[in-house]
Amino acid sequence: MPVIYLAAFQAGPDSLVEAIALTEDGKLVGRHLSSTIDWAKRDIVRSGHRQDYAKHYPGGYELVWIDDPSTDPRWTDVVR
């Protein structure tokens, strides 16, 4: 089953967090600004985003949250 990787980053000095969703081949399929990491984890998997993911993978997909995108090889391999 295809995987969509999810991760979050500090979006700037105002403390917002940007959640990002990438396919296994590095295509950006979702992004969302949230107030905290916990909200980012919830917001990036809400129904509107899931509809976008389903358009890319109509046969189904697995969502995988990456806690530390700076060191996790699954994320670093995707963004190369």
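In the predicted model, the side chains of strand 2 alternate between two directions: Val17, Ala19, Ala21 and Thr23 point one way, whereas Glu18, Ile20 and Leu22 point the other way, and all of these residues are buried. Burial therefore extends along the whole strand, with 7 of its 7 residues buried, so that strand 2 is largely enclosed by the rest of the structure.

The position of strand 2 can be followed through its pairing. Strand 2 belongs to an open sheet of 4 strands, arranged in the order 3-2-1-4 and with mixed pairing. The edges of this sheet are formed by strand 3 and strand 4 (62–65), each of which pairs on one side only. On average, and with direction ignored, neighbouring strands of the sheet are turned by 20° against each other.

On one side, strand 2 (residues 17–23) is joined by 6 bridges to strand 3 (residues 28–34), and the two strands run antiparallel. Within this pairing, Ala21 stands opposite Gly30 of strand 3, and Glu18 has Leu33 of strand 3 as its bridge partner. The two strands form a hairpin with 4 residues between them, and Gly26, which lies in the turn, has a positive phi of about 90°.

Strand 2 is also joined to strand 1, in this case by 7 bridges, and this pair likewise runs antiparallel. Here Tyr5 stands opposite Leu22 of strand 2. Strand 1 and strand 2 form a hairpin with 6 residues between them, in whose turn Ser15 has a positive phi of about 75°.

The mixed character of the pairing is seen when strand 4 is considered. Strand 1 and strand 4 run parallel and are joined by 4 bridges; Leu6 has Trp65 in strand 4 as its bridge partner. Helix 2 (residues 47–56) packs on the sheet and touches strand 1, strand 2, strand 3 and strand 4, while its direction makes about 170° with that of strand 3.

Thr23 provides a detailed view of one residue of strand 2. Its relative accessible area is 0%, and Thr23 therefore counts as buried. The side chain of Thr23 makes a polar contact of 2.3 Å with the side chain of Asp25. When neighbours within four places in sequence are left aside, Thr23 is in contact with Val3, Val29, His56, Tyr57 and Val78.

A search of the whole structure for aromatic pairs finds 2. In one of them, the ring centres of Phe9 and Trp75 are 5.9 Å apart and the ring planes meet at 50°; this angle is neither under 30 degrees, as for stacked rings, nor over 60, as for edge-to-face rings, so the pair is tilted. The pair links distant parts of the chain, since Phe9 lies in strand 1 (residues 3–10) and Trp75 in helix 3 (residues 73–78), 66 residues apart. The two partners differ in accessibility: Phe9 counts as partly exposed, at 31% relative accessibility, whereas Trp75 is buried, with a relative accessible area of 5%.

Tyr53 and Tyr61 also form an aromatic pair, which is edge-to-face, with 5.9 Å from centre to centre and 85° between the planes. Tyr53 is buried, with a relative accessible area of 0%. Tyr61, at 17% relative accessibility, counts as buried because its value falls under the 20% limit. A further arrangement involving a ring is found at Trp39, where Arg42 lies over the ring face at 5.0 Å from the ring centre.

Helix 1 (residues 37–43) includes Asp43. At 10% relative accessibility, Asp43 counts as buried. A polar contact of 3.0 Å joins the side chain of Asp43 to that of Arg46. Neighbours within four places in sequence left aside, the residues in contact with Asp43 are His32, Leu33, Ser34 and His49. Among them is Leu33, which is the bridge partner of Glu18 in the pairing of strand 2 with strand 3.

Conventions:
Residues numbered from 1 in each chain as written. Predicted model: local features only at pLDDT ≥ 70, side-chain atom pairs only at ≥ 80, totals over all residues. Heavy atoms only, no water. Pairing = 2+ DSSP bridges. Buried < 20%, exposed > 50% of the residue type's maximum accessible area, 1.4 Å probe, protein only. Polar contact = N/O pair within 3.5 Å; in protein donor to acceptor, adjacent residues only side chain to side chain. Contact = heavy atoms within 4.5 Å. Phe/Tyr/Trp six-rings, centres within 6.5 Å; stacked < 30°, edge-to-face > 60°. Lys NZ or Arg CZ within 6 Å of the ring centre and 35° of its normal. Axes fitted to C-alpha atoms, helices over the stretch in contact; angles between N-to-C directions.
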